[in-house]
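This report walks through a few local features, moving from one helix to a pocket and then to a single residue.

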Amino acid sequence: MRYLGEAAKAAGRDNNFNLVRLGAAFCVLLSHSFTLSTGNALLEPFRLSAGISLGSMAVLVFFLTSGYLVGGSLLSRADPVHFTVSRVLRIFPALIVAMTLTVGLVGPALSSLSPADFWADHQTWRYWLTNCVIVFGNDNQLPGLFNGNPHGSTVNGSLWSISYELWMYGLLVALWAITGGSTNRRRFGAVVAAMVVAALAIYLWKGVWEPSSSEVKSKLSWLIPAFFIGSLLYVARARIPLHGAIAAGALVLLVVAALIGHRAFALVNLFCFGYLVLYAAYGLPLVRWQLHADYSYGLYLYAFLVQQVLARLVPGIDVLTMTVAATVITLILAAASWHLVEKRALGAVGTVAARWSRRQGRGRPA
C-alpha cells in the first residue's frame, strides 16, 4: 500500500496542486454565472441537490489545500519570518493591483457617475483601501457601479474569503508558536487534531443542525475545520493510504450523501473533499503544463468583476455565454497577473525574508 507521505516525498514540487486550485477557481466562476446572469442563486443545480453551491464547495477545496500546503510549509521550514513574508507577497501585490485597476479603469468607465465624481466620492477610496488591507473584511460597493445588474451592485463578491484565509494563517502560526512546533511536531499535531475535533463539533452544531444567523460565525464554522483538516492531513500524511479505490469511495459517498439530503452531505463533505484533493494532487498522473504557472489566484480575483462587467454590457446574457466569455477574459487577466505581478513577488520572498531576519537580529540585545 502506498502512503501519502511517500507519494509527496517522491513527487516533491511535481504535483497537481496548481491544477486542483485552477479547477476550484473555475468552479467558483461557473457557480457565480448562475447568480450574476439571472440574479437568482437558487438556479444553481448543486445548491438545490447538495444544499451548498459549487462555489462554496470550491472554497472548501481552497481552504483544505491551503491548510495542507501552508501547514506543511511552516512545519518543514520552521521559520515564521519566511512563512509570513511568503504569505504576504502571495496575497497582497496581486490584490492591490486588481483593486487599483477596478478603481482606476472599470469604475470610472462603467459607473453612472462621471469619472471626476466617481473619484471624488469617499466610497471609492474606502473600497480601495478596505480591500487592499482586507484583514478586517472586504467592501463590495463602488458609487454608481452595476446598480442595474441582475445580482445588484456587488463589485467583487469573491473577495470575502481572503480575509478568512489570512485569519487561518495567523491562527496556524499562533498554534505553531505555542506548541513549539519546530521542536515538538507531535505536540503540534495533537493540538491541531484537538482543534479539528472542536471545530467539527461547532460545525455540526452551528453549520448543520442549527445554522448560525451570524454570517461570520456561519462561515467560520466550516472554514476553520476545512483549513485545519488540511493541516492535520499533512501532519498525518505518513499514515494515510493513497489508493484509487478509496478516492472512488469518497466520491460515491459524496454523491449518495447529496441524494440523501443536505445534512448528510454536510456531514461527509470535508473529509471526502480533503482526501480527493490529495489524491488528485499525488495519485493521478502528473499534468506537466500546470507546473510552470499558477493562474488560480488571478482567476479568483478577477472572475466576479469580469462577470459583472459582462452582465452590465450584455443585458440578458445567459449562463453559458457568461461562463465561456468570462473564462476567456479572466484567464488572460490571470495570466498577466501571474507573470507580471505574482511570480515576481514570490521571487522576492527569500530576499525580503533574509533582510527582515537580519534586521530582527540587529534589534535583539546581545
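In this predicted model, K9 and A10 are exposed on one side of helix α1, while on the other side of that helix lie its buried residues, L4, G5, A7 and A8. Seen down the axis of α1, these buried residues fall within an arc of 165°, and they therefore line one face of the helix. An α-helix has 3.6 residues a turn, so residues three or four places apart point the same way. Just after α1 comes G12, which takes a positive phi of about 60°.

Helix α1 also takes part in the largest pocket, as one of the elements that give two or more residues to its lining. That pocket has a volume of about 1,600 Å³, and of the 43 residues that line it, the closest to its centre are R13, N18, R21, L69 and R87. Other elements that give two or more residues to this lining include α2 (17–38), α8 (160–178) and α14 (319–347), but the largest share, eleven residues, comes from α4. The lining divides by class as follows.

| Class of lining residue | Number in the largest pocket |
|---|---|
| Nonpolar | 19 residues |
| Polar | 13 residues |
| Charged | eleven residues |

Helix α5 likewise gives two or more residues to the lining of the largest pocket, and T102 is found in this helix, which covers residues 80–110. Is T102 buried or exposed? With a relative accessibility of 1%, T102 counts as buried, because buried means under 20%. Leaving aside its neighbours within four places in sequence, T102 is in contact with G107, P108, Y127, L142, V155 and L305.

Notes: Residues numbered from 1 in each chain as written. Predicted model: local features only at pLDDT ≥ 70, side-chain atom pairs only at ≥ 80, totals over all residues. Heavy atoms only, no water. Helix = DSSP H or I, 4+ residues; strand = E, 2+ residues; numbered from the N terminus. Buried < 20%, exposed > 50% of the residue type's maximum accessible area, 1.4 Å probe, protein only. Contact = heavy atoms within 4.5 Å. 1 Å grid on protein atoms, 1.4 Å probe; cavity = no way out; pocket = protein on both sides within 12 Å on 5 of 7 lines; lining within 4 Å. Points joined across faces, edges and corners; volume = space filled by probe spheres on them. Nonpolar A, V, L, I, M, F, W, Y, C, P; charged D, E, K, R; others polar. Arc of directions from axis to C-beta.
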